[in-house]
Amino acid sequence: MTDTTCTIEGCVRPVRAKKQGWCGAHHQRFLRHGDPLGGGESRAGAAANLAAAWLQLDRLASAEQAARLAVSLAPGAPEARFNLGKALERLGRRDEAIAEYRRLPDFEPARTALAKLGAR
Ligand SMILES: [Zn+2]
């Protein structure tokens with residue numbers, strides 16, 4: 001059976017694109033993004049939006065979780081990390097928040113947040 005399963009690591013769906021050895025979903029991603037593992041940016045965006053929404057709703061643990069997911073999907077996106085900092089700050093985890101903000105030296109809102117916390 002293994003030769004009929006998608007060759008992407010961790011994927012157990014049946015092969016649809018026989019030439020590449022990918023399932024339908026991974027083949028679709030390849031067609032859309034040029035990479036069977038592509039599309040991470042939009043998933044990161046969705047996670048970042050979710051984090052912002054949880055923050056607005058004061059669901060801080062959920063906001064932290066969504067923000068961490070967003071950061072892992074798009075480590076270079078400052079908004080995702082900033083939201084993580086916000087969630088940590090509002091959870092009372094000041095030092096962790098400062099650490100996240102400090103990783104965004106070129107992101108103005110993070111500098112402002114650091115100043116408000118009395119940190120640089
Ligand atoms: Zn697959």
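Among contacts between residues at least 6 apart in sequence, 28% join residues at least 24 apart, two residues being in contact if their C-beta atoms, placed from the backbone, lie within 7 Å. This is a predicted model, in which local features need pLDDT of at least 70 and side-chain atom pairs count only at pLDDT 80 or more, while totals for chains, interfaces and linings use all residues. Residues are numbered from 1 along each chain as its sequence is written.

**Overall form**
- The protein has 6 helices and 2 strands, which are DSSP runs numbered from the N terminus (helices H or I, at least four residues; strands E, at least two).
- The radius of gyration, taken over C-alpha atoms, is 19 Å, well over the 14 Å that the globule rule (2.2 Å times the number of residues to the power 0.38) gives for 120 residues, so the protein is more spread out than a compact globule.
- The C-alpha atoms fill a box of roughly 60 × 25 × 20 Å along the principal axes.

**Core and helix α3**
- The largest nonpolar core, a set of buried Ala, Val, Leu, Ile, Met, Phe, Trp, Tyr and Cys residues joined through C-beta atoms within 7 Å, has 22 residues, and α2 (40–56) gives the most to this core, with 6 residues.
- Buried residues of α3 include Ala66, Ala67 and Ala70, where buried means that 20 or more other C-beta atoms, placed from the backbone, lie within 10 Å of the residue's own.
- Ala70, among the residues with the most contacts inside the core, is in contact with Ala44, Ala47, Ala48, Ala51 and Ala80, leaving aside its neighbours within four places in sequence.

Methods:
Buried ≥ 20, exposed ≤ 12 C-beta atoms within 10 Å, placed from the backbone.
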